[in-house]
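Biologist: I am new to this structure and would like a close look at a single part, the surroundings of the ligand. Please go through that part step by step.

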Amino acid sequence: MLKRIKYISRFAKQLSTPEIDELAKIAGENNSKKDITGALMASGGIFFQVIEGPPEAIDSLWSSLLKDPRHKDILLLKSEEGEMERLFPEWRMKKIDLDRNSDIRNEPLKAMLQTVLRQSLMIYELTAVLERAAWAEMVEAN
Ligand SMILES: Cc1cc2nc3c(=O)[nH]c(=O)nc-3n(C[C@H](O)[C@H](O)[C@H](O)COP(=O)(O)O)c2cc1C
């Protein structure tokens with residue numbers, strides 16, 4: 001049984017290249033002890049990460065990730081569980097730092113990540129509107 005989670009988040013503050021390197025290195029060391037594999041992409045202040053492994057190990061990592069102050073606006077893109085093959089069987093935590101890679105072929109990927117982030121901010125805004133509406137209704141009812 002394998003569980004796989006994909007999410008995006010925003011850097012809580014600007015992270016330097018050595019800081020991202022260090023984060024990915026420690027993540028890889030921890031993951032190898034827990035049979036977790038995956039990839040971590042960083043671009044324009046956004047993380048996109050895929051983690052996969054035994055369901056309990058992934059659930060536990062996910063709750064740590066939600067509490068990690070180094071990133072915010074964590075948006076779960078997909079969570080799946082079942083008899084699946086790993087996407088990254090060889091990668092303890094592969095770091096892909098797109099900001100350090102000026103290859104023009106990566107531009108569409110960077111643009112896509114920015115678009116996904118903008119969409120997630122729209123979802124937050126929509127929720128805020130709904131909350132305000134619910135609040136207004138409650139006040140009116142009283
Ligand atoms: C973007 C990002 C990705 C991370 N990826 C991993 C990871 O793949 N594996 C891992 O063990 N920790 C990862 N961490 C660190 C965890 O959030 C957490 O600090 C670490 O698992 C220790 O958690 P604990 O103190 O709850 O045991 C990541 C942190 C960030 C900000």
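Modeller: What follows goes from the chain as a whole to the ligand site, and ends with one buried side chain.

The model is a predicted one. Its chain has three helices and five strands, and these follow one another along the sequence in the pattern β-α-β-β-α-β-β-α. Taken along the principal axes, the C-alpha atoms fill a box of roughly 60 × 40 × 25 Å. Of the 142 residues in the chain, 36% are buried.

Now to the ligand. The ligand sits in the largest pocket. Three elements each give two or more residues to the shell around the ligand: helix α1 (17-34), strand β3 (46-53) and helix α2 (55-67). The largest share comes from α1, with four residues. Sorted by class, the shell consists of eight nonpolar, five polar and two charged residues.

The shell counts 15 residues in total, and those that come nearest to the ligand are N30, N31, Q49, S64 and D68. Three of these can be described atom by atom. N30 has an N or O atom in its side chain that is 3.3 Å from an oxygen atom of the ligand. For N31, the partner is a nitrogen atom of the ligand, which lies 2.7 Å from a polar atom of the N31 side chain. Q49 also places a polar side-chain atom by a nitrogen atom of the ligand, here at 3.0 Å. As for cover, the ligand taken alone exposes 610 Å², and the protein buries 73% of that area.

One further residue is worth following, R4. R4 belongs to strand β1, which spans residues 2-11. Is R4 buried or exposed? Its relative accessible area is 6%, and the cut-off for a buried residue is under 20%, so R4 counts as buried. What does the side chain of R4 contact? One partner is the side chain of E52, with which the R4 side chain makes a polar contact of 3.0 Å. E52 falls within the range of β3, residues 46-53, and β3 is one of the elements that contribute to the ligand shell. Another partner is a backbone atom: the oxygen of E85 lies 2.7 Å from a polar atom of the R4 side chain.

To put the part together: the ligand occupies the largest pocket, has N30, N31 and Q49 among its nearest residues, and has 73% of its area buried by the protein.

Technical notes. Residues numbered from 1 in each chain as written. Predicted model: local features only at pLDDT ≥ 70, side-chain atom pairs only at ≥ 80, totals over all residues. Heavy atoms only, no water. Near = heavy atom within 4 Å. Polar contact = N/O pair within 3.5 Å; in protein donor to acceptor, adjacent residues only side chain to side chain. Areas by Shrake-Rupley, 256 points an atom, 1.4 Å probe, with all protein chains shown as cover. 1 Å grid on protein atoms, 1.4 Å probe; cavity = no way out; pocket = protein on both sides within 12 Å on 5 of 7 lines; lining within 4 Å. Sits in = over half its atoms within 2 Å of the grid points. Nonpolar A, V, L, I, M, F, W, Y, C, P; charged D, E, K, R; others polar. Buried < 20%, exposed > 50% of the residue type's maximum accessible area, 1.4 Å probe, protein only.
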